[in-house]
Amino acid sequence: IARRLEPLTRTAGVSRDGERVKLLANIALADEAENAFAAGAEGIGLFRTEMLFCERSTPPDEEEQYQAYRHVLTLAQGKKVVIRTLDIGGDKPCDYLNLPQEENPFLGWRAVRLYPAFEAIFSSQVRALLRASAAGPLDIMVPMVATLEEIKWLHARFHQVAEQLHTEGVVVGEWRLGIMAEVPSALYLLERAAKWIDFASIGSNDLVQYFLACDRGNPHVRHLYNYCDPTFLMLLNEMAARSNVELCLCGEMGGDPVVMPLLLGAGLRQISMSAGRIAGAKKQLASLEMDDCRKTLQRALACENAAEVTALLHEASAASV
Ligand code: PEP
Ligand code: MG
């Protein structure tokens, strides 16, 4: 962290006109939490648990997971912590699961779609998470959810496991269930799912890929993969407007200062990004007014392509300095 940003590691995110915006950190290992809080994170908005599971020959047992999750919750001292359940398949391999080769791995058997078949691994994670919630309030988030049926299944499973822990006399703390909004159907799910989930977080990395139908890692379609595409911004804006559950954003887009006014203009008040970006984001936030952000978003939505949006954003930020 640059010395001039140092004081911002200890303050909360507030815009120039006094609107609170929570700036959270994305982490991939429990050990990164300490740095994230030192860098000014107001919580952990995404703890990806794949690292705990992959690049090894057997899955971690419940105890190993419990220790990792509890470590993060203990460091958080009551601040928000969102831990994401296993997101494998697609671009995220895991050797010991012996997943079949697929023609379309991104559209195939991945993330939440694997849980019913890998019941032992899934329940070890759910048990570890619910036990860890005794160390602080925990938000549990499920990746790649595409249907209401999946949401209902998850809700039932989590409550079943909580019940089981209760009969075993194991302490479970406060926990909430949420989903990644990273499949376009989430636009409608967020309107309807409030009975079963409490929150969602926009995974713009995958949402762009699925919305514009372009592989996020394929160089030949890189010109299409752009979160500044006006149609994608329309989706984002609609999602924020229609959601009946608390909404955050945790894709790479969240850490890009160029698009921050668009996220705020759409009404997002929680953004999760890599820890190194947080102090800078707080500084930027302090210079922005929500009315201007809403106007900038409206202008971006009227653009014809991503290049126009980017030019507009650079012009708007130059004008505000
Ligand atoms: C996303 O898809 O935006 C996201 C945050 O998850 P991941 O990058 O791990 O797929
Ligand atoms: Mg994703």
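In which loop is Ala193 found? This predicted model answers that, and the views below take it one close-up at a time.

**View 1. Ala193 sits in the loop between α6 and β6.**
Helix α6 covers residues 186-192. Ala193 is found in the loop between this helix and β6. Is Ala193 buried or exposed? Ala193 is buried, because 24 other C-beta atoms lie within 10 Å and 20 or more count as buried. Look for its contacts beyond four places in sequence: Leu148, Ile151 and Val245. Now find Asn244. Ala193 and Asn244 are 51 residues apart along the chain. Their C-alpha atoms are separated by 7.7 Å.

**View 2. Ligand 1 is surrounded by residues from several parts of the chain numbering.**
The shell consists of Leu46, Arg48, Asp87, Glu182, Gly203, Ser204, Asn205, Asp206, Cys250 and Gly251. Two elements, β2 (43-48) and α7 (204-211), give two or more residues each. Which element gives the most to the shell? Helix α7 does, with three residues. By type, the shell divides into two nonpolar, four polar and four charged residues.

**View 3. Helix α7 is largely enclosed by the rest of the structure.**
Six of the eight residues of α7 are buried, so the helix is largely enclosed. The buried residues are Ser204, Asp206, Leu207, Val208, Gln209 and Phe211. What do they pack against? Their partners are β5, β6 (199-202), α8 (230-242) and β7 (246-249). Two of these buried residues, Ser204 and Asp206, also belong to the shell around ligand 1. Just after the helix comes Ala213, with a positive phi of about 50 degrees.

**View 4. Strand β4 is mostly covered.**
Strand β4 spans residues 138-142, and five of its five residues are buried. Which residues lie on each face? Leu138, Ile140 and Val142 take one side. Asp139 and Met141 take the other. Both faces are covered.

**View 5. β4 pairs with β3 and with β5.**
Strand β3 covers residues 80-84. Three bridges join β3 to β4, and the two run parallel. On the β5 side, five bridges link β4 to residues 175-181, again in the parallel sense. Use Met141 as a landmark. Arg84 stands opposite Met141, and Met141 stands opposite Gly178 in β5.

**View 6. Two right-handed β-α-β units include β4.**
One unit is made of β3, helix α4 and β4. Helix α4 spans residues 119-132. The other unit is made of β4, helix α5 and β5. Helix α5 spans residues 148-167. Both units are right-handed.

**View 7. Met144 has a positive phi in the loop between β4 and α5.**
Most residues other than glycine have a negative phi. Phi of Met144 is near 65 degrees, a positive value. Is Met144 buried or exposed? Met144 counts as buried, because it has 22 C-beta neighbours inside 10 Å.

**View 8. Leu52 and Glu55 show a buried and an exposed residue.**
Leu52 lies in helix α2, residues 50-53. With 21 other C-beta atoms within 10 Å, Leu52 is buried. Leu52 touches Pro60, Gln65 and Ala68, leaving out residues up to four places away in sequence. Leu52 and Ala68 are 16 residues apart in sequence. From C-alpha to C-alpha they are 8.6 Å apart in space.
Glu55 is found in the loop between α2 and α3 (62-76). Glu55 has 10 other C-beta atoms within 10 Å and is exposed, because 12 or fewer count as exposed. Phi of Glu55 is near 50 degrees, a positive value in a residue other than glycine.

**View 9. The buried residues of helix α10 line one face.**
Helix α10 spans residues 278-285. Its buried residues are Ile278, Ala279, Ala281, Lys282 and Leu285. Why do they line one face of the helix? Seen down the axis of α10, they fall within an arc of 160 degrees, so they line one face. An α-helix has 3.6 residues a turn, so residues three or four places apart point the same way. The buried residues of α10 pack against β1 (22-27), α9 (260-265) and β8 (270-274).

Note on methods
Residues numbered from 1 in each chain as written. Chains lettered and ligands numbered in written order. Predicted model: local features only at pLDDT ≥ 70, side-chain atom pairs only at ≥ 80, totals over all residues. Near = placed C-beta within 6 Å. Helix = DSSP H or I, 4+ residues; strand = E, 2+ residues; numbered from the N terminus. Nonpolar A, V, L, I, M, F, W, Y, C, P; charged D, E, K, R; others polar. Pairing = 2+ DSSP bridges. Right-handed = clockwise from strand over helix to strand, strands pointing away. Contact = placed C-beta atoms within 7 Å. Arc of directions from axis to C-beta.
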